[in-house]
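Work through the three exercises below. Each task is followed by a stepwise solution.

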Amino acid sequence: MSGCPRPAPGPAAVEHAHDVLHDGGQRRLVEEALGRLRQAGERLTAARRAVLEVLAGRHEHLSADELASLLAARGVHRTTVYRTLEIFSALGLVSVRQLPGGAAAYHLASASHLHGHCDRCDAVTALPRQELEELAAVLEGRVGFRLDLQRSTLLGRCPGCRGTSPAP
């Protein structure tokens, strides 16, 4: 998922939640997710905590295999990772990005951003949620179609592949 430089942070840039975490932000994300598991009546296992910790500490979106490889040293079995991701996905704790021909990629769910996927270099860009929520409301009002923004990925070209800079 590289090939294009990421836009420099600025007023119009939107960054992943992982990019701006500091001073216990990762721990807060993990604790919030564990609280949601508790509320759903799910068990709070060491393996589930480990999956959350890795996802909270990584910027990139990880496939289940990548996550399993990272967790193998902590004694978490590959099958456990897959089952955990299924549960987390069903509960809305993780977002899944599935593109044609590629493995599903996971990250902790966040209301802060959506995804744009460059069809040339495969870079993933965080998109501002507010503007897309406005578009979704217009579409629903005009044609009755309700977008699932949490699971939507927009395809297009990133500024690097277009040879332009992002708007300031």
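**Exercise 1.** At what angle do helix α3 and helix α4 pack, and how far apart are their axes? Classify the pair and describe the contact.

*Solution.* Note that the model is predicted.

Step 1. Two packed helices are described by an axis angle and an axis distance. For α3 (residues 64-72) and α4 (residues 78-90), the angle is about 130 degrees and the axes lie 9 Å apart. That angle makes α3 oblique to α4.

Step 2. Add the handedness. The crossing of α3 past α4 is right-handed.

Step 3. List the contact. From α3 come A64, D65, L67, A68, S69 and L71; from α4 come R78, V81, Y82 and L85. Sorted by type, the contact residues give seven nonpolar, one polar and two charged.

**Exercise 2.** Is S63 buried or exposed? Place S63 and find its contacts.

*Solution.* Step 1. Locate S63: the residue belongs to strand β1 (residues 62-63).

Step 2. Apply the cut-off. Buried means under 20% relative accessible area. S63 has 12% relative accessibility, so S63 is buried.

Step 3. Set aside neighbours within four places in sequence. S63 then contacts A103, A104, A105 and Y106.

**Exercise 3.** What is the sign of phi at D122? Add the location and exposure of D122.

*Solution.* Step 1. Recall the background: most residues other than glycine have a negative phi.

Step 2. Check the value. Phi of D122 is near 70 degrees, which is positive, and D122 is not a glycine.

Step 3. Place D122. The loop between β4 (113-118) and β5 (124-128) holds this residue.

Step 4. Assign exposure. D122 has a relative accessible area of 38%, so D122 is partly exposed.

Notes: Residues are numbered from 1 along each chain as its sequence is written. This is a predicted model: local features need pLDDT of at least 70, side-chain atom pairs count only at pLDDT 80 or more; totals for chains, interfaces and linings use all residues. Side-chain values use heavy atoms; hydrogens and water are left out. Helices (H or I, at least four residues) and strands (E, at least two) are DSSP runs, numbered from the N terminus. Buried means under 20% relative accessible area, exposed over 50%, partly exposed in between (1.4 Å probe, protein chains only). Contact means heavy atoms within 4.5 Å. Axes are lines fitted to C-alpha atoms, for helices over the stretch in contact, and angles run from 0 to 180 degrees between N-to-C directions. Angles under 35 degrees count as roughly parallel, over 145 as roughly antiparallel, 65 to 115 as roughly perpendicular and the rest as oblique. A crossing is left-handed if the near helix is turned anticlockwise from the far one by less than a right angle, and right-handed if clockwise. Ala, Val, Leu, Ile, Met, Phe, Trp, Tyr, Cys and Pro count as nonpolar, Asp, Glu, Lys and Arg as charged, and the others, Gly among them, as polar.
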